Amino acid sequence: MWKRSDHQPKIKAEDGPLVGQFEVLGSVPEPAMPHPLELSEFESFPVFQDIRLHIREVGAQLVKKVNAVFQLDITKNGKTILRWTIDLKNGSGDMYPGPARLPADTVFTIPESVFMELVLGKMNPQKAFLAGKFKANEMVPLIKGSPRDRPHSPL
């Protein structure tokens, strides 16, 4: 077994960088997504907080039923202003701001005003989707086959 006999630091205080050794870089560009402290400024923030609390309460049951990761890109004037991920595939479920850490099964792109109308029950989600009010991609893994493949299908 190895045994270290000296536990003294090898770096001395005077070994630090010399004055002028580093060059000054330009300013850091503004992040595309808002800082988490600014999230409360958005109209949809309380809704996402409620969803997060619900997932913490019953997330394990939802993971068993849903088994999917959803990414919600909330837009305003055609630009993504918020991005939330709902992970109902791993562990006991989770919801967090930002892009999905693992590939999302479905990515929804929804204007904030449409999102609020959907959650308040003022708009039918199916009709809104068919009317092009919001977009969803990569839904194939969730569908699991066409209606013709299912028994007792009217098609």
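## Starting at Lys89

Lys89 is partly exposed, with a relative accessible area of 34%. Keep in mind that this is a predicted model. The side chain of Lys89 meets that of Asp105 in a salt bridge, at 3.2 Å from N to O. That pair ties together distant parts of the chain: Lys89 sits in the loop between β2 and β3, Asp105 in the loop between β3 and β4, and the two positions lie 16 residues apart in the count along the chain. Unlike Lys89, which is partly exposed, Asp105 is buried, with a relative accessible area of 10%.

## Two more salt bridges

The structure holds three salt bridges. Another one brings the side chains of Asp73 and Arg83 together at 2.7 Å, N to O. Here strand β1 supplies Asp73 and strand β2 supplies Arg83, ten residues apart. Asp73 has a relative accessible area of 7%, so it counts as buried, the cut-off being under 20%. Arg83, at 23% relative accessibility, is partly exposed.

Then there's the pair Asp94 and Arg101, whose side chains meet at 3.7 Å, N to O. Asp94 is partly exposed at 31% relative accessibility, while Arg101 reaches 61% and counts as exposed.

## The sheet

Now for the strands. Five of them make an open sheet, in the order β3-β2-β1-β4-β5 and with mixed pairing. At the edges are β3 and β5 (135-137), each pairing on one side only. From one strand to the next, the twist averages 15°.

Take β2 (residues 79-88) and β3 (residues 94-97): they run antiparallel and are joined by four bridges. One link to look for is Asp87, whose bridge partner in β3 is Asp94, the residue that also meets Arg101 in a salt bridge. The two strands form a hairpin with five residues between them, and Gly91 in the turn has a positive phi of about 60°. Elsewhere in the sheet, β1 and β4 run parallel, joined by six bridges. Leu72 has Phe108 as its bridge partner in β4.

## Helices on the sheet

Helix α1 lies across β1, β2 and β3, and runs at about 30° to β2. Helix α2 packs on the sheet too, touching β1, β2 and β4, with its direction making about 100° with that of β4.

Met116 lies in α2. Is Met116 buried or exposed? It is buried, with a relative accessible area of 9%. Leaving aside neighbours within four places in sequence, Met116 is in contact with Glu43, Ser44 and Val47. The C-alpha atoms of Met116 and Ser44 are separated by 6.5 Å, although these residues are 72 apart along the chain.

## The nonpolar core

In soluble globular proteins, nonpolar side chains tend to be buried together. The largest nonpolar core here has 24 residues, and those with the most contacts inside it are Phe48, Leu72, Ile74, Ile86, Ile110, Phe115 and Phe134. Two or more residues each come from α1 (45-66), β1 (68-76), β2, β4 (106-111) and α2 (112-119). Which element gives the largest share of this core? That's β2, with five residues.

Leu72 is a handy one to click on. Not counting residues up to four places away in sequence, Leu72 touches Phe48, Leu82, Arg83, Trp84, Ile86, Phe108 and Ile110. Two names in that list have come up before: Phe108 is the bridge partner of Leu72 in β4, and Arg83 meets Asp73 in a salt bridge.

Technical notes: Residues numbered from 1 in each chain as written. Predicted model: local features only at pLDDT ≥ 70, side-chain atom pairs only at ≥ 80, totals over all residues. Heavy atoms only, no water. Pairing = 2+ DSSP bridges. Core = buried A, V, L, I, M, F, W, Y, C linked by side-chain atoms within 4.5 Å. Buried < 20%, exposed > 50% of the residue type's maximum accessible area, 1.4 Å probe, protein only. Contact = heavy atoms within 4.5 Å. Axes fitted to C-alpha atoms, helices over the stretch in contact; angles between N-to-C directions. Salt bridge = Lys/Arg side-chain N within 4 Å of Asp/Glu carboxyl O.
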